[in-house]
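Colleague: I've got a new model open and no idea where to begin. Can you walk me through it?

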Amino acid sequence: MVEALVVKIFYFVVAIFSVVMIFLAAQDPYLANELKIDAKISNMQINDVVDYEINSTKISGIYEADELNRYNDRDEFLDFKAKILRGNLRHFLSSDKAISQNDEIIFQKNANYENNDSLRFISDEVIYGTKTKIVRSEANFTVTRNGDRALGESGNYDLVKKQTQIKGLRAWVEEKQRF
């Protein structure tokens, strides 16, 4: 009687094992590709990023970030800094956060631009259109050059046409005194 019970239990375990093995064999091993990926979670993270822009004779730009997070639709740089050499001007650009999305680069929180021609631009947000070559800011900004100072509510600058449009402009211009 005990032997018959052991045989029945053994057949029951073998039957369950067979059903589980058939179920596992029928599964698609690449099912993970079909699962929906949350777009709010970055696919990749890189720390201490340094990128060099090099032409045939020299390094014309150095771009740095403490952290790069790549998402499906954008790249996000934290503590972004750039040093760019164009002609005889050196450009320094920094922001707490830079987002590259579609054809725009958005510099957020403490966006700061300086060059060796004593020009300085400070705003909370600056947007650069990579295809249109237009820099715009919808936030308040300050521009200083030597002793001159200008404040604006919003504005844009076309790099190709060299035209500026500013809303809410207030400016202080220092004149050199002549004796």
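Modeller: Sure, let's start with the overall layout and then go to single residues. Keep in mind that this is a predicted model.

Colleague: Okay, how many helices and strands does the protein have?

Modeller: There is one helix, along with 12 strands. Going along the sequence, the order is α-β-β-β-β-β-β-β-β-β-β-β-β.

Colleague: And what share of the residues is buried?

Modeller: Of the 179 residues in the protein, 21% are buried. The accessible surface adds up to about 13900 Å², and carbon and sulfur atoms account for 56% of that.

Colleague: What about contacts between residues 24 or more positions apart?

Modeller: Those make up 23% of the contacts in the protein with a separation of 6 or more.

Colleague: Let's go inside. Which residues of the largest nonpolar core touch the most other members?

Modeller: That core has 15 residues, and the ones touching the most other members are Y63, F77, F80, A82, A98, F107 and V126. Strands β2 (59-70), β3 (75-86), β5 (104-115) and β6 (119-129) each put in at least two residues. The top contributor to this core is β3, with four. As a general point, nonpolar side chains tend to be buried together in soluble globular proteins.

Colleague: Y63 is on that list. What is Y63 in contact with?

Modeller: Skipping neighbours within four places in sequence, Y63 contacts V49, V50, D51, E53, F80, K81, A82, I84 and R86. Two of those partners, F80 and A82, are also among the core residues that touch the most other members.

Colleague: Now S60. Is S60 buried or exposed?

Modeller: S60 has a relative accessible area of 8%, so it counts as buried. S60 sits in strand β2. Not counting residues up to four places away in sequence, S60 touches E53, N55, K83, I84, L85 and R86.

Colleague: Switching topic: what's the volume of the largest pocket?

Modeller: The largest pocket comes to about 1300 Å³. It is lined by 42 residues, and L93, Y113, Y128, V135 and L159 are the closest to its centre.

Colleague: How does that lining split by class?

Modeller: The lining of the largest pocket has 26 nonpolar residues, 10 polar ones and six charged ones.

Colleague: Any odd backbone angles? What is the phi of K109, say?

Modeller: K109 has a positive phi of about 60°, although K109 isn't a glycine. You'll find K109 in strand β5. K109 counts as exposed because its relative accessibility is 53%, and the cut-off for exposed is over 50%.

Colleague: Where is K133, and what's its phi?

Modeller: K133 is in the loop between β6 and β7 (134-137). K133 also isn't a glycine, and its phi is positive, about 60°. With 34% relative accessibility, K133 counts as partly exposed.

Colleague: Last one, R145. Which strand is R145 in, and what does R145 contact?

Modeller: R145 belongs to strand β8 (residues 141-145). Leaving out neighbours within four places in sequence, its contacts are D117, S118 and L119.

Colleague: And why does R145 count as partly exposed?

Modeller: Because its relative accessibility is 38%, and partly exposed covers the range between the 20% and 50% cut-offs. You could also look at R145 and N115: they are 30 residues apart along the chain, with 9.9 Å separating their C-alpha atoms.

Note on methods: Residues are numbered from 1 along each chain as its sequence is written. This is a predicted model: local features need pLDDT of at least 70, side-chain atom pairs count only at pLDDT 80 or more; totals for chains, interfaces and linings use all residues. Side-chain values use heavy atoms; hydrogens and water are left out. On a 1 Å grid over the protein atoms alone, a cavity is a set of points where a 1.4 Å probe fits but cannot get out, and a pocket is an open set with protein on both sides within 12 Å along at least five of seven lines; lining residues have an atom within 4 Å of a point. Grid points are joined across faces, edges and corners, and a volume is the space filled by probe spheres set on the points. Ala, Val, Leu, Ile, Met, Phe, Trp, Tyr, Cys and Pro count as nonpolar, Asp, Glu, Lys and Arg as charged, and the others, Gly among them, as polar. Buried means under 20% relative accessible area, exposed over 50%, partly exposed in between (1.4 Å probe, protein chains only). Contact means heavy atoms within 4.5 Å. Accessible areas come from the Shrake-Rupley method with a 1.4 Å probe; for residues, only the protein chains shown count as cover. A nonpolar core is a set of buried Ala, Val, Leu, Ile, Met, Phe, Trp, Tyr and Cys residues joined through side-chain atoms within 4.5 Å.
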